[in-house]
Amino acid sequence: MHSHLSFENPPAWSHEVVVETLERALRDRSAESEAAGVLVGTAKNDDDGDFVEHWCVQVGMRAVSGSPLLGLAGLCLGHTARRFGRLSDEALALAASPAVRAEGVRSFLHLW
């Protein structure tokens, strides 16, 4: 018998919760799993494009090497570009950086 994994889109959270959760994960890697859900929920559901992009860039620039949040930040920038139709030059540079691509989907899957 095959078991199937299920996925539910994370909800949008208040900006206060997003900032608190992401800042905690950037200081303490044990909080990365919770932060992953918060970042994805924000990228997919928050209507403030500048806020979403800011936190994707912050995570992508500040997460430690080897963190699965690096690749996830790039993925979430993709959601941001799709939803809002634009990205800043800073976000584009981050999304194209070899460090983000190297961590990519492989690291993201470890969180889920």
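Visitor: What share of the 112 residues in the protein is buried?

Guide: Buried residues make up 46% of the 112. That label goes to residues with under 20% relative accessible area (over 50% is exposed, in between is partly exposed; 1.4 Å probe, protein chains only). Keep in mind that this is a predicted model, where local features need pLDDT of at least 70, side-chain atom pairs count only at pLDDT 80 or more, and totals for chains, interfaces and linings use all residues. Residues are numbered from 1 along each chain as its sequence is written, and side-chain values use heavy atoms, with hydrogens and water left out.

Visitor: Why is Gly41 called buried?

Guide: Its relative accessible area is 0%, so Gly41 falls under the 20% limit. Gly41 sits in helix 2 and touches Pro10, Pro11, Ala12 and Asp46, leaving aside residues up to four places away in sequence. Touching, or contact, means heavy atoms within 4.5 Å. Pro10 is 31 residues from Gly41 in sequence, yet their C-alpha atoms are 4.5 Å apart.

Visitor: What makes Glu53 buried or exposed?

Guide: Glu53 has a relative accessible area of 9%, which is under 20%, so Glu53 counts as buried. You'll find Glu53 in helix 3. Leaving aside residues up to four places away in sequence, Glu53 touches Leu77, Thr80, Arg86, Leu87, Ser88 and Ala91. From C-alpha to C-alpha, Glu53 and Gly78 are 9.9 Å apart, with their positions 25 residues apart in sequence.

Visitor: And how do you know which class Gln58 belongs to, buried or exposed?

Guide: Gln58 comes in at 18%, again under 20%, so Gln58 is buried. Gln58 is also part of helix 3. The C-alpha atoms of Gln58 and Leu70 are separated by 9.9 Å, and the two residues are 12 apart along the chain.

Visitor: How many helices and strands does the protein have?

Guide: There are 6 helices and 0 strands, so from the N terminus on the elements read α-α-α-α-α-α. Helices here are DSSP runs of H or I with at least four residues, strands are E runs of at least two, and both are numbered from the N terminus.

Visitor: How do helix 2 and helix 3 cross?

Guide: The axes of helix 2 (residues 32-45) and helix 3 (residues 49-62) come within 9 Å and cross at roughly 145°. Those axes are lines fitted to C-alpha atoms over the stretch in contact, with angles from 0 to 180 degrees between N-to-C directions. Leu39, Thr42 and Ala43 of helix 2 meet Phe51, Val52, Trp55, Cys56 and Val59 of helix 3.

Visitor: What makes up that contact, class by class?

Guide: The contact has 7 nonpolar, 1 polar and no charged residues. Ala, Val, Leu, Ile, Met, Phe, Trp, Tyr, Cys and Pro count as nonpolar, Asp, Glu, Lys and Arg as charged, and the others, Gly among them, as polar, so Thr42 is polar.

Visitor: Where is confidence lowest and where is it highest?

Guide: Confidence here is pLDDT, the predictor's rating of each residue from 0 to 100. Helix 6 (residues 98-111) is lowest with a mean of 50, and helix 1 (residues 15-27) is highest at 98. The mean for the protein is 86, and 80% of its residues reach 70 or more. Over residues 105-112, pLDDT stays under 50, and the model has 16 contacts for them beyond four places in sequence.
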